[in-house]
Structure formats: structure tokens, C-alpha cells
Amino acid sequence: MTKKKKRWLEEKSIEWVLIMVSVISILTTVGIVMTLFYESYEFFTVVSIKEFFTTLRWAPVFDPPSFGVLPLLSGTFLIAFLSSFISLPLGLGSAIYLSEFASKKARKIIKPILELLAGIPSIVYGFFALTFITPIIRSVLPDTSIYNALSASIAVGIMTLPMVASLSEDAMMAVPDSIRQGAYALGSTKLEVAIHVIVPAAFSGIGASFMLAISRAVGETMIVAIAAGQTPTFTLNPLESVQTMTGFMVNMALGDIQQGSIEFKTVFVVGALLFLVTLVMNFIAKFVIQKNREVY
Amino acid sequence: MKKKISYHTRLKRRLLLNQIFKFIFMSTIIVSIMVLAILVIDVLQKGLGSLDLDFILNMPSSRPERAGILPALLGTLWVIGLTALISIPVGIGTAIYLQVYADKKSWFFKALNINIANLAGVPSIVYGILGLTVFVQLLKIGPTVLAGALTLSLLILPVIIVSSIEAIKAVPSSITEGSLALGVSRWRTITGVVLPMATPGIMTGSILALSRAMGEAAPMIMVGAVGFVTFLPDSIMDRYTLLPMLIYNWTSRPQDAFAQIAAAGIIVMLILLLLTNLTAIIIRNKTQNRVD
């Protein structure tokens, strides 16, 4: 009886320890939300929400300061948008080749290479953008500034490409082989099977991979901090220097700012905006697109 | 009326189109691989000249020809080592709870799962803000190795949890049920049967997560890792620098000589990453299909 009780006690206490440990990941989310929104709330007691979202000038450390976040948002989305011209077509093309055309052997060699590409730290892509891509752009278009959105976009596109490739390939591989074989039996070519059968069937997974890649591009920091510059400009010209939300945060953290000052709070309010934007995009990718997928 | 095309002409066209697109899809992969090759060659070309033993063993310096990476190398080892000590036990604990103990219909289980999925998508710089507020300021740990490691631990925790869950799931239920049927308690079954079999999978996932942490610079800037120190860390309450921080510092200087030592730093970091990834792959391959 006592032995049984001891064992019960042991089991229960272990369960509680494990629950405590599990709670850490929930506390992380709570911590992120609370720190970001507490400081943001304080920020909005000084600066009106209207000014924040409608002014076209972002100059929090200037005198007089201006807190219009639109230049940062436009910079962020300009880079995310341009990067998708690299990551989405190349990623999807690679995924179609890997899933529908490549032999088993070729897949075995190519997949680890794509994984390597995905494992390279973003600081390396930043270096590559500044010292390799930018000089090439400037030799073609000499008016381009040293720090420009295009160079950063290309590097971000390369960085997010493996993500599109591997998630899309997973989605295509998940389409049951019977469907594929059925289409072949009707006399379709590989291309016709890929375009008319596999891609439509895997569409939800492919869409989710696109969304996640763009969300990654929005949150990408080191590439844009190095290659895109530090001038918040409200522009759609990719050859100009822009600042993104993440680039601004890095810039502020490296500088000397007084804790508790309004400049300090801008880091949190921009962080909160970044958090919300990526959260919505990830949510759409994971729960809206994935939920509507075809189930076989 | 459209002209009717014979079956054979159509077939020829379809097959031609098939070949053309096969080539296009293949070239997307070739482009990706070439980019990787160009990147590596470019970095090697710029950096190999500065890479020697002095570079590894010297302190950073404002004169690029004398600068070295020793504090960053040791700082990276300190922070990543401590991150491993914190994140792996917490990650495995959470995975065990989710996979073995939790009632899969409870709200807590569902909330935890959604939470982990969402955390994996939060930009790393946001973790930096969390670390700055909670660890550096609120808990008054300061911009130290410990604060950096705690922040990185939270950052890679979702990855470790997910890969540990996969590893635990892969243990055949017949074996765990066999253990339970012999009257072994749930916890003893976990420590004696489940974990030993899941360890390779857990290790692979954890090493890959740690190698990701090794390259992170953005959150570390927020929690106060510095780009330039001339002392070596010797406790977890020391200030520190890291390889990606030093590379960032050098990259953002205009002089060409700094770009060269930045490239040399990148080579060292990539070698470290390659070694950790190789370890993970070796563990994975050595233990694959051990149980069927």
C-alpha cells in the first residue's frame, strides 16, 4: 500500500514538473505580447494613433520628431514583395522538379544542398548582398545608392527560396500516388500531370509556403540592416536606400538611447507592429489555407 | 473553325512542351545551387587571405591586419553551450508532457500546440525585445552571456519541442505498451524505454536548432551583445561578443580591409556550422531504421 502510494506520488510530481516546464513556452508568448503592448500603450499616450499611421515621415530621434510609420512599412513590404519574385518562382520550380521530374538519386543529392542553403545565417547573406550583389547592380545601374532595397530583396529572396521549395515539395509529395498514376494512365505527360493535377491538388500547401516565405521576409533583419540602408524613405523605387521595421530596431539598439524615453518606446511599438503583421500572415498560412486543403 | 491538328502532331508538341518545362524546372534548381556555389566562392576569395592561426587567436583590433576573433569564438561557444543546457531539457520535458502525459482533448494541450506553432513563426528580433525587457532589465541579469543564452533558448525552444515530439512519436507503441504491461511505471517507461530510443532523433533536432542559434545576430543585438570586446568571457555573468556580431561590425565598416576579415570570420562560422550539421547527419544516419 505505501509502495503504491509512493509510486503514485512520484508519478504525480513528475507530471507537475513537466507541466511547469511546458508552461515556459506559453509564458514566452505572454511575455512577448505583454512587453510589446505595454510599451506601445505608453507610446500611444504621447503620439496619436492617427499620426503614427498617416504621417509620411519617420524621424523619432530628430528635433522636432516625427512618428509616421508608413516609410518603415513601405520599406518592409517593398523588400518582401521584391524578394517574392525570386523565392516563389524559383522555389516552386525546384519543388515541381524535385517532386515530379527528378530521379530518386537526383533528389537525394539536391535536397541536402537546398538544406545547406537554408542553413546559412542571414548575416552571411547580408555580407553577400553588400559586397557582391550591390556592386553588380551598381555596375549596371550606376545611379543606384550603395545601400538599396533591390540588393537586399535579392538576398532575402535567395534566403527564403529553400523554404518555399521544401514546403511546396512536401505538399506535392503528399498528393496520393494513385492520383498521379491515374493521370499517367490517361496518357498525360509529366508536365500535364504536374500542372493540371499535382499543383492544384497541393495548392493549399503551396499557398501556405508562399505566405510563410513572405512572412519570413518581413521579419528578416540582418540582410536589410546591412544592405538596405538606414534611411526611412516612403518610396517604391528599389534603387533607393530604405529602412525596414527590423532595420530600424537594430539601428536603435546599436545606438545610445535612454531607457524609458519616447525613442526607446518606438522600438517596442515597431516591434509590436512587426509581431502583428507576421502573426496574421502565419495565421493565414497555417489555419486558413491549411484548413481548406483537400483531404484524400 | 479551328483547324484540326492530327493526334501525332499534338503529341509531338505536348512532348516538346514537356521537355522544355522539364528543362525550365531543372534550371531553377541549377540556379539555386549556383547561387550557393557563388556565395561560397565569393566568401572564400575575399576571406582566405586573412585566415590564419593569428586570426583565430588574436583579439579584435581597430587595425584590420592585426584583428582576430578569439573573444567572438569563445563567446559563441559559451552562449551556445549554455543555450543547449537550458533549451534541451525544457524542450524534451515539454515534448514528453505533450506526447505522453497530456490529455489530447484538453484545452491546455490545444493551446500549447497552437502556441508552439505560432512561436516558431515569430521573427527572431522580437525574441530580442523580450530578452531585453525580461532578462536584461526586469530580472537585472544585464547584457551578459546568461541573458543571451536565455533569449536564444526561448528562440529555438519551438524547434526542439517539435523535433523531440517527432522522435518520441517514432518509438513503436508496441514497445512502450510492452513495458507498461510488465507493470513498469509511466515515468520509468519514459526514462528506460522511450528516451533511449528517441535520443538520436532528439539530438539531431537539437543540434540543428543550436546551429541556427549560432548564426543569429538580430536578437543578440537587442540583448546587448557587443560588436567589439578585447577581453575573454570567463563566467556567465560576463559581457560578450559573438561571431555573427563581430562579422556584422566588420561588414558595416566602409574599408575594404574590414570586408576581407569579415569574410574570414564568415569562413570560420560556416566551418563551425558545417561541423555541427555533419554531427547531426552522422547521428541520423547511424541510427536510422534501428527499430522497425
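Domain bounds here come from an automatic or database domain assignment. Keep that in mind as you click around, and remember that you're looking at a predicted model.

**Stop 1: chain B, split in two**

Select residues 7-50 of chain B and give them a colour: that's domain 1. Now pick 55-287 of chain B in another colour, and you have domain 2. If you place a marker at the centre of each domain, taken over C-alpha atoms, the two markers sit 34 Å apart. Where the domains meet, six residues of domain 1 of chain B are in contact with eight residues of domain 2 of chain B. On the domain 1 side of that contact, you'll find two nonpolar residues, three polar ones and one charged one.

**Stop 2: a helix pair in chain B**

Stay in chain B and show residues 124-138, which form helix α5, along with residues 145-169, which form helix α6. Their axes come within 9 Å and cross at roughly 135°. Angles over 145 degrees would count as roughly antiparallel and 65 to 115 as roughly perpendicular, so α5(B) and α6(B) are oblique to each other. Rotate the view to look through the pair and check the hand of the crossing: it's right-handed.

Next, turn on side chains at the contact. From α5(B), show B:Ser124, B:Tyr127, B:Gly128, B:Leu130, B:Gly131, B:Phe135 and B:Val136. Facing them from α6(B) are B:Ala147, B:Leu150, B:Thr151, B:Leu154 and B:Leu155. Colour by class and this contact shows eight nonpolar and four polar residues, with no charged ones.

**Stop 3: where the chains meet**

Bring chain A back and select the residues in contact across the two chains. You should pick up 63 from chain A and 67 from chain B. On the chain A side, click helix α1 (residues 2-46): this helix gives the most, with 18 residues. Sorted by class, the chain A side has 38 nonpolar, 19 polar and six charged residues.

**Stop 4: chain A by itself**

Hide chain B and switch chain A to cartoon. You'll see twelve helices and two strands. Trace along the sequence and you pass two helices, then the two strands, then helices for the rest of the pattern. The C-alpha trace of chain A spans about 80 × 70 × 35 Å along its principal axes.

Finally, colour chain A by burial: of its 296 residues, 50% are buried. Try drawing contacts too, keeping pairs at least 6 apart in sequence; 73% of those contacts in chain A join residues at least 24 apart.

Methods: Residues are numbered from 1 along each chain as its sequence is written. Chains are lettered from A and ligands numbered from 1 in the order in which they are written. Axes are lines fitted to C-alpha atoms, for helices over the stretch in contact, and angles run from 0 to 180 degrees between N-to-C directions. Helices (H or I, at least four residues) and strands (E, at least two) are DSSP runs, numbered from the N terminus. Angles under 35 degrees count as roughly parallel, over 145 as roughly antiparallel, 65 to 115 as roughly perpendicular and the rest as oblique. A crossing is left-handed if the near helix is turned anticlockwise from the far one by less than a right angle, and right-handed if clockwise. Two residues are in contact if their C-beta atoms, placed from the backbone, lie within 7 Å. Ala, Val, Leu, Ile, Met, Phe, Trp, Tyr, Cys and Pro count as nonpolar, Asp, Glu, Lys and Arg as charged, and the others, Gly among them, as polar. A residue is buried if 20 or more other C-beta atoms lie within 10 Å of its own, exposed if 12 or fewer, and partly exposed in between; C-beta atoms are placed from the backbone.
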